[in-house]
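Let's take a walk through this structure together, starting with the chain as a whole and then stopping at a few places of interest. Keep the 3D view open as you read.

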Amino acid sequence: MRILCVAEKPSIAKSIAGILAGGHPSNRPGKDKFCRNYDFQYRMPGVQGMVDMTVTSVRGHLTNADFGPEYKAWYSCSPADLFTAPIMTNLSDDAKAIGLNLRNEARNADALMIWTDCDREGEHIGSEIVAEVRKVRRNIRVMRARFSAIIDSQIHAACQNTVELDWRAADAVESRIQLDLRIGAAFTRMQTLALQNHIPALNEARQVISYGPCQFPTLGFVVDRYNKVIEFVPELFWLLQLHKTRSMSGGDPAPEDPPDQIRKVVFNWDRGHLFDKLAVEILRDLCRASPLATVDNVNSKQTRKWKPYPLTTVELQKSGSRLLRLTPKRILDIAESLYQKGFLSYPRTETDQYDKEFDFNALIAKQTADGAWGGIAQRLLDGAFERPRNGRNNDKAHPPIHPTSHANNLTGDDKRVYDYVTRRFLGSCWTDAIGTQTTVNVSVAGEKFHASGLVILQRNYLEVFTYDKWEGNLLPPFVRGETFTPTRLEMKQGATTPPKLLTEADLVSLMDKNGIGTDATIAEHIAKVIERQYVMSVKEGKTSYLVPSTLGIGLVEGYNQLNLEKSLCKPVLRRETEFRMSLICAGERTKAETIAESVNEYREVFALTNRQFGRIAETVLSYLTDPNAGQEARAVEIGEHDEDDDVDAINLISDSDSDGDSDDGGGGPARGQGAARGAGRGRGAASRGGSTRGGRGGAAAGRAAPRLDRSGPDNDGGSKDARPGSDGSGSPSCLCGEAAVERTTNKAGANQGRRFYACAKPMGDPSKCDFFEWADTANTRSGFSNGSAPRTVPAKRSVPADTDEWSSNMRSTSSWSGSGSVRRCDCDLQAVRRTSGKSGANQGRSFWTCGRESIKLRCKFFEWDDDESPTTSTRAVNSSSGGGGGGGGGGASGACYRCGQSGHWASDCTNEQRTTANASGRGSAPKRGGAKRRGSGKTRGGGSGGRGGKDDGCFRCGKKGHWSSECPGT
DNA sequence: GCAAGGTC
């Protein structure tokens, strides 16, 4: 018997072969330069004699999806046709040799064992391998080896307990591939041609204005933050501060005290600051009237600075970009090359937990040779070692990033990245830093103040992880119950400061949180929006900030003007795609259904965008030609508060008053300068925004300025500080946990005028969540197509974890538990039974999901509350929706996007009330179903409708009645 | 001349 094993990448093939062979298997070159073939014999349980094994690999995906030749040229068809154009999937050019190797090796194999990574993409790559092998061995037996780490015991267990390939996961990926291609190509061609037509400069530069479901939300984040910065209106606040100068030996300083024994202690106000100047003045006067301070409490407690978590790709990119000041893409490229050289482990991982059996000692031992940290590595080996903290992520495919061997001849950025990874690894294997924190609480005339000191007792991990700073601050002695006269009591004025522009690290975080891209692609998306000239990286001091170009702002503003409920510049559509993929994985939807549904939805958005693209083009043009535009970016003061990552940083401007008349001389000038600077910047930014942004000035002025309130919980003085709208009177809570606001749908269509609940935060606020609920169905959570929030972070790499779970989910002859039993979700909480309110085949059906209250925090656990296996439920969905749907487009199990009724697609909708506004386009919109493209591109002119384009106007000159390829103007 | 996702 001979089994052909295929891994996702050469390094894994080598490791697996080494483990299964129990040493060094013989190996021979394959047809591809990187993918070698390893041969050995293996004893499989239940099989007589030894099995001949060959382990080889692919290099990621084997195939690429693209349109057929008749659609490839940009003028060959209307961009709208790309939503239905056939997609061809072929071996990529650089996978030709790999395919040949697979076919050669499979010819004399009895079985194929898939060893790709255990995630959705891995299942899809597995399906590509199966397809390739079946070209020569149609009926070959396929087995899936499931492993979560390259550890001997796991690899042997995976080999001996194979499961089925997860075809649903592969289908989910397939649907994403098709959707991304159609959306990307259609929108890119449409907007590029339309903008080139409108704007000669873009035409001359032949500049591609690409659209991508990850690119545009990435751009959207940058523009949102930029808008927040320039529209920011500072708000003044006031606070009290108490100073006491004291000798370290206790008591007031004496003349013989050396200077380093004298400490100026600043006591901060427990109220933080208030936005009511009069209130602060009154409190200050009260303190002045009886200025004696009483020490209410002196509290010392042990504190610690936590050592870093194990390193994930996203964290490497974030911290690397912040600390090493390299772009995320450069960091990933360097990590990749260090991995290739054998210095680092696999650099694309979401895992921040080490496997129980991880061999730390061997890896730490390799670092004892290092001149800089060798001694520390030795101390770890000698007993200082402490297991790294566990993070919350585990992709079950790769361990956290760590050094795999010692490197002593690296230079430049390679060395800086290697050093960071290694110091972080060693730091995570040490113990937290320990210190003693002392807090002194005092009161003056009933007002409370506090000061803190820190004594670092053990630096521990800080000795090797030198990127973390922890500075001690020694307080002179204070005794509970004592009284003293403050050296000064000040009232200070400050102002809220605008958020800073995004750094690349910020953007990586935002993308990660919102599920835009994956750990391996986030950096590429950022590089892409820079390459497309939507975003510029502007260096200010040591930090690079991302500033949208006029083109980038124009595009986002243009799209925002369309008021689409699901903005193309926001992450919500991407999340829907992810959510739909998860439904395919759960067996609730089929690939065909999902693709049809998504394509239908996107095509509607496309048609709407296309018809109104003139507005977008005008907006872009206005930004590109505005002589003031682009100055804004430079005018925005960036990098001023480099040390503070807080978006709502406080800028303490000046002393507005001091403790006594005698100090006025010192406080006066400082106040004057500071106030002028703060106010000047605020007005300047606001007016710049207003002057260059035309009509938006009013809206910007009407927006509430972000307000900071750092007052303590005991704050009872500043009623003005209370945030509006947080009391939630009858409103549901949004995903941020705050009261949602009621809004009205303005998009033309069946739901125009309908009320819904959404997050109260302003548009453009990156922290605004995507909560959505119709006001009239607030108690019946509808399906995601109505906007109920899907999970925040996509399951780029998510399949069930342990073998048992895997088996129960993957085997169709399942150990599916019966109804009524208590179930536990993936968080190991008691699962909660809910009922599907969504119209369609599963309406009213009960299911079990994660027990957490917050939708945002729920795990991916999902089970139907009946006896059906996932396979059965898939069939149920198929049959019912297939019957209900019209025509060849699959079933319409969801609601029609035009009239809101279920049972038919929007294209087949006969409900005349569907168009209420926007008479210019919508009323005359031809039906999609009536004019499906068939045959070659030559026949396209005959189709009178359904594809936009010709009837919506030529993409070159904008006139109707001819295709852009036939445009007389070209 | 379009996307995003693997990997090298």
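Chain A has 970 residues, and 52% of them count as buried. Please keep in mind that this is a predicted model. The secondary structure comes to 25 helices and 25 strands. If you take the contacts in chain A with a separation of 6 or more, 71% of them are between residues 24 or more positions apart.

A good place to begin is helix α10, which covers residues 313-323. Its buried residues are T313, V314, L316, Q317, S319, G320 and S321. What covers them? Part of the cover comes from α11 (328-340), α14 (412-428), α15 (504-514) and α16 (522-531).

Of these neighbours, let's look at α15. Two packed helices are described by the angle between their axes and the distance between the axes. For α10 and α15, the axes come within 8 Å and cross at roughly 160°. An angle over 145 degrees counts as roughly antiparallel, and α10 and α15 are therefore roughly antiparallel to each other. The crossing in which α10 passes α15 is left-handed. If you zoom in on the place where they meet, you will find V314, Q317, K318 and S321 on the α10 side, with E504, A505, V508, S509 and D512 contributed by α15.

Now follow the chain out of α10. Here you come to R325, in the loop between α10 and α11. What is the phi of R325? Its value is near 55°, which is positive even though the residue is not a glycine. Most residues other than glycine have a negative phi, and most peptide bonds are trans. With a relative accessibility of 39%, R325 counts as partly exposed, because partly exposed covers the range between 20% and 50%.

Q533 is another residue to visit on this theme. You can find Q533 in the loop between α16 and β17 (535-540). Phi of Q533 is positive, near 65°, and Q533 is again a residue other than glycine. Its relative accessible area of 48% makes Q533 partly exposed.

Next, a stop at the second helix pair. Helix α6 spans residues 167-198, and helix α19 spans residues 591-611. How do these two run relative to each other, parallel or antiparallel? Their axes come within 10 Å and cross at roughly 15°. That angle makes α6 roughly parallel to α19, since angles under 35 degrees count as roughly parallel. The crossing of α6 and α19 is right-handed. On the α6 side, the contact is made by D171, E174, S175, Q178, L179, R182, I183, A186, F187 and M190. On the α19 side, the partners are K591, T594, I595, S598, V599, Y602, V605, F606, T609 and N610.

One residue of that contact deserves a closer look: F187, which sits in α6. At 0% relative accessibility, F187 counts as buried. Beyond its neighbours within four places in sequence, F187 is in contact with F83, T192, Y211, Y559, L568, Y602, V605, F606 and T609. F187 also lies 9.2 Å from I209, C-alpha to C-alpha, with their positions 22 residues apart in sequence. F187 belongs to a cluster linked by ring pairs, together with F83, Y211, F216, Y534, Y559, F606 and F613.

That brings us to aromatic rings in general. The structure holds 24 aromatic pairs. One of them joins F465 and Y467, with 5.2 Å from centre to centre and 55° between the planes, so the pair is tilted. F465 and Y467 are both buried. Rings also have charged partners here. R389 lies over the face of Y309, at 3.9 Å from the ring centre, and R246 lies over the face of F484, at 5.6 Å from the ring centre.

For a last stop, find H124 in helix α4 (residues 120-133). H124 counts as buried, with a relative accessibility of 3%. Leaving out residues up to four places away in sequence, H124 touches H61, A170, V173, E174 and I177. E174 links this stop with an earlier one, as E174 is among the α6 residues that take part in the contact with α19.

Key
Residues numbered from 1 in each chain as written. Chains lettered and ligands numbered in written order. Predicted model: local features only at pLDDT ≥ 70, side-chain atom pairs only at ≥ 80, totals over all residues. Heavy atoms only, no water. Buried < 20%, exposed > 50% of the residue type's maximum accessible area, 1.4 Å probe, protein only. Helix = DSSP H or I, 4+ residues; strand = E, 2+ residues; numbered from the N terminus. Contact = heavy atoms within 4.5 Å. Phe/Tyr/Trp six-rings, centres within 6.5 Å; stacked < 30°, edge-to-face > 60°. Lys NZ or Arg CZ within 6 Å of the ring centre and 35° of its normal. Axes fitted to C-alpha atoms, helices over the stretch in contact; angles between N-to-C directions. Parallel < 35°, antiparallel > 145°, perpendicular 65-115°, else oblique. Left-handed = near helix turned anticlockwise from the far one by under 90°.
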